[in-house]
Amino acid sequence: MNSKSDQTKILRVYRSKEQAKESYDRISRFYDYFAGVFEKKYRNLALERLCIAEGETVLEMGFGTGHCLKQIAELIGETGEAYGIDISSGMLEVTKKRLEKAGLIDKVELYCGDATEMPFDDDKFDAVFSSFSLELFDTPEIPKVLSGIKRVLKPSGRLGIVSMSKEDGNSILTKLYEWSHEKFPKYVDCRPIYVEQSLKNAGFKIEHKDKVTLFGLPGEIVVAEK
Ligand SMILES: C[S@@+](CC[C@H](N)C(=O)[O-])C[C@H]1O[C@@H](n2cnc3c(N)ncnc32)[C@H](O)[C@@H]1O
């Protein structure tokens, strides 16, 4: 039987970057038919909580098929700038098509790369948004990604995250999910993490938090200031 401290520990992610990229490239064209549908409500709520305003410069990390990036491009209006970074070139192509169709492609710069190595200047963004992506990074990488985000945020810049959560997370369903992550790491790539605590550890000031439930699994929406 696992000890209490084992039960509160978050699981590791052993998949390589190359494997992550290949896997998301492979599913990019079908992604919206499964995962996207289930997560839409919480992506949108998290984006709403970030209160993006006209004229802001905003980055999305792990933009996937680009639904939120399209909304970000609309929210920032004529004078704002939107950027996205994602490791999958397949996802980038899907997003590019979505933005072209919406007539927004000229407002958004898309980067294909690993978000642990942010290719942006210091103090560039008013806000950074990320949905269901932070929980894909291995445990030692989470502080690295957050410190990269902190670096590229302006002083008082905001970070908005929605993610699966390990808080209150020792239900049968969470244990089952974690079991599948350990058993089938190629397919169940993410796992519950401590979002608020990770942001606090990285030096962010927590502004707002919602606890949500995704088909019985706990989730956190957290907005924090640099
Ligand atoms: C679970 S999907 C979520 C997509 C989208 N944010 C949504 O909510 O529908 C995770 C996304 O993160 C991207 N990703 C995974 N590892 C990454 C990394 N190291 N750097 C940047 N993006 C990454 C994947 O390619 C994928 O598009």
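A residue is called buried here if 20 or more other C-beta atoms lie within 10 Å of its own, exposed if 12 or fewer, and partly exposed in between, with C-beta atoms placed from the backbone. The model is predicted, so local features need pLDDT of at least 70 and side-chain atom pairs count only at pLDDT 80 or more, while totals for chains, interfaces and linings use all residues. Residues are numbered from 1 along each chain as its sequence is written.

**Figure 1. The whole chain, eight helices and seven strands.** Helices (H or I, at least four residues) and strands (E, at least two) are DSSP runs, numbered from the N terminus. The radius of gyration is 17 Å, close to the 17 Å that the globule rule gives for 226 residues, so the chain is as compact as a globular protein of that length. For that comparison, the radius is taken over C-alpha atoms, and the rule is 2.2 Å times the number of residues to the power 0.38. Along the principal axes, the C-alpha atoms fill a box of roughly 55 × 35 × 30 Å. Of the 226 residues, 40% count as buried. Take the contacts between residues at least 6 apart in sequence, and 78% of them join residues at least 24 apart. A contact here means that the C-beta atoms of two residues, placed from the backbone, lie within 7 Å.

**Figure 2. The seven-stranded open sheet.** Read across, the order is β3-β2-β1-β4-β5-β7-β6, and the pairing is mixed. Strands count as paired if DSSP finds at least two bridges between them. At the edges sit β3 (108-112) and β6 (205-214), each pairing on one side only. On average, neighbouring strands are turned by 15° against each other, direction ignored. Axes are lines fitted to C-alpha atoms, for helices over the stretch in contact, and angles run from 0 to 180 degrees between N-to-C directions.

**Figure 3. β1 beside β2, and the core around V128.** Strands β1 (residues 57-61) and β2 (residues 81-86) run parallel and are joined by five bridges. One to look for: E60 has G84 as its bridge partner in β2. β1 is mostly covered, with four of its five residues buried. The largest nonpolar core has 54 residues, and those touching the most other members are V58, L59, I72, A82, V128, F129 and L159. Such a core is a set of buried Ala, Val, Leu, Ile, Met, Phe, Trp, Tyr and Cys residues joined through C-beta atoms within 7 Å. Setting aside neighbours within four places in sequence, V128 is in contact with L59, M61, I149, L153 and L159. In soluble globular proteins, nonpolar side chains tend to be buried together.

**Figure 4. Helix α5 on the sheet.** α5 (residues 89-101) touches β2 and β3, and its direction makes about 165° with that of β3. From first C-alpha to last, the 13 residues of α5 reach 18 Å, close to the 18 Å expected at 1.5 Å a residue. The expected span is 1.5 Å times one less than the number of residues. Which residues of α5 are buried? They are G90, M91, L92, V94, T95 and L99, and they pack against α2 (17-27), α4 (67-75), β2 and β3. Just after the helix, G103 takes a positive phi of about 70°.

**Figure 5. L110 in edge strand β3.** L110 is buried, with 21 other C-beta atoms within 10 Å. Its C-alpha and that of G84 are separated by 4.9 Å, though the two residues are 26 apart along the chain. Beyond neighbours within four places in sequence, L110 is in contact with G84, L92, T95 and K96.

**Figure 6. The β6-β7 hairpin.** β6 and β7 (residues 217-225) pair in the antiparallel sense over nine bridges. T213 has P218 as its bridge partner in β7. Two residues lie between the strands, and F215 in the turn has a positive phi of about 50°.

**Figure 7. Positive phi at C51 and S156.** Most residues other than glycine have a negative phi. C51, in the loop between α3 (35-50) and β1, has a phi near 50°. With 14 C-beta neighbours inside 10 Å, C51 counts as partly exposed. S156 is in strand β5 (residues 153-164), and its phi is near 70°. S156 counts as exposed, with 9 C-beta neighbours inside 10 Å.
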